[in-house]
Number of protein chains: 2
Amino acid sequence: MRFYSYDQLFNFSKSVFLSIGCSEEDATLATTVLLSADLRGVDSHGIARLSGYVRLWEAKRVNATPEIKILHETPSTATVDGDSGLGLVVAPKAMQIAIDKAKNVGTGWVSVQNSNHFGIAGYHAMMALKEDMIGICMTNASPLVAPTFSIERLLGTNPICVAIPAGQQPAFVADLATTTAANGKLEILQRKSEEAPIGWIQNKEGKSSTDPHELKSGGALLPLGGDREHGSHKGYALGAVVDIFSAILSGANYGPWVPPFPAYVPMPTNMPGKGIGHFFGAMRIDAFRPAEEFKRHMDNWIERFRSAKTAEGFERVIIPGDPEREAEAERREKGIPVLEPVVADLKSLAQKFNLSMTV
Amino acid sequence: MRFYSYDQLFNFSKSVFLSIGCSEEDATLATTVLLSADLRGVDSHGIARLSGYVRLWEAKRVNATPEIKILHETPSTATVDGDSGLGLVVAPKAMQIAIDKAKNVGTGWVSVQNSNHFGIAGYHAMMALKEDMIGICMTNASPLVAPTFSIERLLGTNPICVAIPAGQQPAFVADLATTTAANGKLEILQRKSEEAPIGWIQNKEGKSSTDPHELKSGGALLPLGGDREHGSHKGYALGAVVDIFSAILSGANYGPWVPPFPAYVPMPTNMPGKGIGHFFGAMRIDAFRPAEEFKRHMDNWIERFRSAKTAEGFERVIIPGDPEREAEAERREKGIPVLEPVVADLKSLAQKFNLSMTV
């Protein structure tokens, strides 16, 4: 593992996006979104994926110069065509449309087709915070998750993020995959060859398994809850809602037809839509009550929960967003840790594009 | 257990609501909402609660003749004061406001303060279906749930319902408490003196417990996920979002200050808001794409998931809403089963209000 400063990684990542043909503006935006994952401690979704985005571009599945278009709109909604652009670029632009609509009529809701993976949901939802709005963001993803009772992978880890502004307290930011564990957590266990807890994965027969490599042999991730007795039908339902809002409202692919992130995985056949889908929402606080009043009560809520009595062995009750904010403070100061295989990946990108940038 | 026809229970329930002073219109509406729970097989939220609503009225915590007012609005939002009315009446009226706003500007979002328990979330969300809209409904509830790492009960079972129209297929209706198990499930185990599965409840020290009576001695329900390793921080975050949308946007009570349903439980002190809070949303399908197109893809989604290969021992993959719709078909034909203690409750209501109605 090596440590890089945010600026080092920023300059390198931006030069890679410029190399594949992104405009100056889009390369900056894509880099900002990508690295927000590394800053916030979500290492699976940051610089580690840079080479993956490049491979999607090489496979002609990402358009580096998309023309992002509104296909249909009302005062509070829009359907957006991402023109096969990087999700890292399409998503913040679509979220901005939601925010602009909220400025006009109180809330804005945007469903996006024809996009690609968009980094962490948190970045886009949090765009609303500085406008005194609540931000909502979801996306579907390639199928790794079996619905309750099934052995087929029909849903992605389909995350939901809700970002809510507070006053003196930092914002509340819940960013969660609708599975027991996100795929990134499984990848960590795979690298360490450690067992997964019961309730994370099943094998190809649908039996509970602790083998983190199970997905390679037909297994699946499990919806939040793990099994029926522990509420997996709820995780499945939430993942399904994300899929439907992101893709059936917009005209993207859904369920088992969502395109894979790894460029070497062939595309599904008989795809019913275009690309992957996202869904964004922005709600102006003062469309409901004065923002200062709301924030005072949010502070009270956060203070009450943060000071709640803990069970023995636990130091404090965590407010959603705390761990990521603390990671960001630390990493901005001490740098961002990058695993050796990812460093090697970046070096080969530097070589491929003949970048003088050292990594 | 005895079986009653829907009409028998309807006439009786309506006469009780009339007896506490509801208008003809409100008594009909409250009864329709209340009994939708019994029809859909959610016995914990239906006629079994009728005497509980009456006790709240006796304790002057429910106003039988509320003046429901819009406190603040924009083209796509409203904040509603329920005037301490029955949630069974306040909620469908607030949902209607959301639907009307969606007709005008594409979507409508309504946060409600000063209300009471509203029956099942499903009824209100499903009001959107006949308008070719997606319906969303949530409510906070009195604190029974401990956030991850805590031993304090700070959240209710805070349900989320999302109802989505389809074409030939029946609608998708996900209606879920943000806990591993709803309180109604625990009540069933209490009556049978059976053990609860691990992951549903904890004791007052925050240790996992299988005793369904644990809540009486300081224990708590657990957020969906059960423990940190299985994603309880996600269930906690979802329950928190429901609390904030329902109560901090509207000015209702939140967290540990939400008033209890049983009238004999004293009210919390230093309450920061008014009554309990709800949140409603309606999104017009054709604000995103033509409704017929959407419904064709929803049918495709539902058919694909319903026909997914099952694990051994399971007959089929369930689409959210299937079990409740099947219960309704059966109960409309064969009648609604009512447990003997509930029958006794209804008999004493008949006596109290001198109702000639036989139950």
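This passage walks through a strand of chain B, a helix of chain A and a surface patch of chain A in a predicted model.

A good place to start is strand β5 of chain B, which spans residues 133–139. Seven of its seven residues are buried, so the strand is largely enclosed by the rest of the structure. In a regular strand, side chains alternate between the two faces of the sheet. Accordingly, the residues of β5(B) can be read as two sets: M133(B), G135(B), C137(B) and T139(B) lie on one side, while I134(B), I136(B) and M138(B) lie on the other. Both of these faces are covered.

The neighbours of β5(B) come next. Strand β11 of chain B, residues 276–284, runs antiparallel to β5(B) and is joined to it by seven bridges; within this pairing, I134(B) has M283(B) as its bridge partner. Strand β6 of chain B, residues 160–164, is also antiparallel to β5(B), with four bridges between them. Here M138(B) is partnered by I160(B).

Turning to chain A, helix α6 covers residues 183–192 and includes the buried residues G184(A), L186(A) and L189(A). The buried residues of this helix pack against β8 (201–202) and β10 (220–221) of chain A. Just after α6(A) comes S193(A), whose phi is positive, at about 50 degrees.

Finally, the surface of chain A has a feature worth finding in the picture. M1(A), F3(A) and L339(A) make a nonpolar surface patch of about 320 Å². L339(A) sits in the loop between β12 (336–338) and α10 (340–352). This residue counts as partly exposed because its relative accessibility is 36%, a value between the limits of 20% for buried and 50% for exposed.

Note on methods: Residues numbered from 1 in each chain as written. Chains lettered and ligands numbered in written order. Predicted model: local features only at pLDDT ≥ 70, side-chain atom pairs only at ≥ 80, totals over all residues. Heavy atoms only, no water. Patch = residues over 30% accessible without salt bridge, like charges linked within 9 Å, V, L, I, M, F, W, Y side chains within 5 Å. Areas by Shrake-Rupley, 256 points an atom, 1.4 Å probe, with all protein chains shown as cover. Salt bridge = Lys/Arg side-chain N within 4 Å of Asp/Glu carboxyl O. Buried < 20%, exposed > 50% of the residue type's maximum accessible area, 1.4 Å probe, protein only. Pairing = 2+ DSSP bridges. Contact = heavy atoms within 4.5 Å.
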